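Visitor: I have a structure to look at and would like to learn how to read it one feature at a time. Could you take me through it slowly?

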Amino acid sequence: MTTLRTGPEAVYDVLGIGFGPSNLALSIAIEEHNNTSADVITAGFLERQPQFGWHKGMLLDDATMQVSFPKDLVTMRNPASDFSFLCYLRERGRLVDFLNQKTLFPLRAEFHDYFEWAAARMRHLVEYSAEVLQVEPVRAEGGEIRWFDVTSRDPDNPDRTVVRRARNISVAVGLEPHLPPGTVLSERVCHTSELIPRVAEMAGAPVRRALVLGAGQSAAEAVDYLHRVFADAEVCAVFAKYGYTPADDTPFANRIFDPEAVDVYYTSPPEVKQSLLEYHRSTNYSVVDSELIQSLYATMYREQVHGRRRLRMLNVSRIRDVREHDGRLAVTVEYLPTGEHEVLDADLLVHATGYRPQDIGTLLGETTKLCLRDDEDAIRVGRDHRVQVAPQVTAGIYLQGGTEHSHGLTSTLLSTTAIRSGEIRDSLLAQRSLTAN
């Protein structure tokens with residue numbers, strides 16, 4: 001059902017493209033502002049999924065968040081907000097029980113339910129099943145580009161489209177699965193983003209061996225999950241490292257995710273930015289929680305003691321070839337130190353090979369040409385997350401994600417989502433004031 005206004009008279013101050021945690025947080029920041037100010041921001045959000053969903057394919061029943069619960073949608077920006085995780089717990093009747101656990105890290109499934117709870121309260125600002133197909137600049141008299149026309153599918157009739165006009169857009173389309181070159185997905189080959197539904201499809205079918213490619217948190221979680229679900233199968237972890245690298249979640253290292261660290265990173269010269277990324281990769285990239293590492297090792301050793309090894313670590317190795325025939329996989333694994341090849345028959349291959357930012361050029365089309373770029377051909381983004389554009393453009397493009405080159409490691413993480421939503425809201429108000437003057 002179409003819920004947002006349409007027509008030439010309906011010009012939004014901001015239209016959000018995508019409605020994951022980032023634009024959800026922005027919608028709340030705008031709603032809270034509108035409830036206390038006469039200077040109202042008109043906003044709408046378009047989401048291609050039929051309902052709210054955030055990494056649902058990896059909502060393992062016992063997986064916990066890797067960020068603490070105060071880094072929710074609002075608390076870092078407004079601790080008094082009734083959209084906080086604690087308010088969610090109170091409404092669900094679990095506040096005391098959660099506190100008794102003495103943990104800062106909720107279950108991932110619980111945090112997803114929190115997101116759904118918040119998204120349901122913002123339902124009046126979002127249209128689901130509304131995939132954005134095109135963003136076109138609109139010129140006023142004199143050639144000034146003052147608006148964008150955003151074309152999306154009509155949820156009531158996907159063959160039709162709806163056009164809405166906005167003074168600003170907030171692009172938060174999230175990440176897309178990254179796969180090795182030449183990967184062919186099938187019923188037997190998938191990315192971790194599809195892990196849970198793929199395993200559900202295989203329920204009841206004999207699974208003798210499953211392989212997981214990757215050395216990060218998702219890879220280790222997938223290995224652990226498959227080992228538990230397929231109780232008679234051999235599960236092989238394949239990675240180029242010698243062993244899993246523990247995540248550095250110590251207090252000083254974690255300060256790289258502080259809001260103030262974004263200011264430091266943004267104002268640093270390129271060589272310092274690169275150094276900061278390299279120094280602190282161990283906080284986020286291709287690393288695993290120490291407890292999970294210990295658990296997997298204990299499982300492997302226990303099996304060694306009992307003489308039935310189901311968990312194998314194929315370290316210092318790469319997958320060189322994958323062939324599928326008669327519903328089975330033949331996976332060639334190379335042991336890198338010697339070049340020796342081993343061909344493994346398998347029923348499932350899971351690529352835990354991470355994610356990458358989506359190319360906004362595909363979404364924005366001709367509008368991308370309005371964006372200024374730096375010497376590395378990356379889009380130039382202001383500290384307020386507003387893309388720097390050509391002089392004749394007064395309409396705004398805000399990026400939530402895909403700005404690691406300018407804003408650092410938190411670009412695609414939850415750590416500063418609440419703060420960023422407030423910064424974008426304030427920028428919208430500031431730009432309106434500049435335009436009015």
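**Reading charges, strands and cores**

Guide: Let us begin with a pair of charges, bearing in mind that this is a predicted model: the side chains of R167 and D13 meet in a salt bridge, with a nitrogen-to-oxygen distance of 2.9 Å. The two partners come from distant parts of the chain, 154 residues apart, since R167 sits in the loop between strand 7 (157-166) and strand 8, while D13 sits in the loop between strand 1 (11-12) and strand 2.

Visitor: What is the general idea behind such a pair, and is D13 buried or exposed?

Guide: In general, side chains of opposite charge can pair when their charged atoms come close. Here D13 counts as buried because its relative accessibility is 11%, under the cut-off of 20%. R167 has a relative accessibility of 36% and therefore counts as partly exposed.

Visitor: How many salt bridges does a search of the whole structure find?

Guide: The search finds 30 salt bridges. Another of them joins E127 to R164, with the closest N and O atoms 3.1 Å apart; E127 belongs to strand 4 and R164 to strand 7, and 37 residues separate them along the chain. Both E127 and R164 are buried. Salt bridges can also share partners, and in this way D13, D39, R167 and R432 are joined into one network.

Visitor: Which residue forms a salt bridge with D113?

Guide: The partner of D113 is R92, and their closest N and O atoms are 3.1 Å apart. This pair links helix 4 (residues 108-121), which holds D113, to helix 2 (residues 85-92), which holds R92, across 21 residues of chain. D113 counts as partly exposed because its relative accessibility is 23%, and R92, with a relative accessible area of 35%, is partly exposed as well.

Visitor: Turning to the strands, what order do they have in the open sheet?

Guide: To read a sheet, one follows the strands from one edge to the other. The five strands of this open sheet come in the order 4-3-2-8-19, and their pairing is parallel. At the edges lie strand 4 (126-127) and strand 19 (396-399), each of which pairs on one side only. Further in, strand 2 (residues 14-17) and strand 8 (residues 168-171) run parallel and are joined by three bridges, and L15 has I169 of strand 8 as its bridge partner.

Visitor: Which strands does helix 1 lie across?

Guide: Helix 1 (residues 21-34) lies across strand 2, strand 3 (43-46) and strand 8, and the helix runs at about 165° to strand 3.

Visitor: Finally, how should I read a nonpolar core, and which residues touch the most other members of the largest one?

Guide: In soluble globular proteins, nonpolar side chains tend to be buried together. The largest core in this structure has 38 residues, among which F19, L24 and L73 touch the most other members. Helix 1, strand 3, helix 2, helix 4 and helix 13 (417-436) each give two or more residues to this core, and helix 4 supplies the largest share, six residues. To see one member in its surroundings, look at L73, whose contacts include P21, L24, A25, I28, Y114, F115, A118 and A418. There is also a second, separate core of 31 residues, with A63, L195, V207 and A222 among them.

How values were computed: Residues are numbered from 1 along each chain as its sequence is written. This is a predicted model: local features need pLDDT of at least 70, side-chain atom pairs count only at pLDDT 80 or more; totals for chains, interfaces and linings use all residues. Side-chain values use heavy atoms; hydrogens and water are left out. Two strands pair if DSSP finds at least two bridges between them. Helices (H or I, at least four residues) and strands (E, at least two) are DSSP runs, numbered from the N terminus. Contact means heavy atoms within 4.5 Å. Axes are lines fitted to C-alpha atoms, for helices over the stretch in contact, and angles run from 0 to 180 degrees between N-to-C directions. A salt bridge is a side-chain nitrogen of Lys or Arg within 4 Å of a carboxyl oxygen of Asp or Glu. Buried means under 20% relative accessible area, exposed over 50%, partly exposed in between (1.4 Å probe, protein chains only). A nonpolar core is a set of buried Ala, Val, Leu, Ile, Met, Phe, Trp, Tyr and Cys residues joined through side-chain atoms within 4.5 Å. Lists of a residue's contacts leave out its neighbours within four places in sequence.
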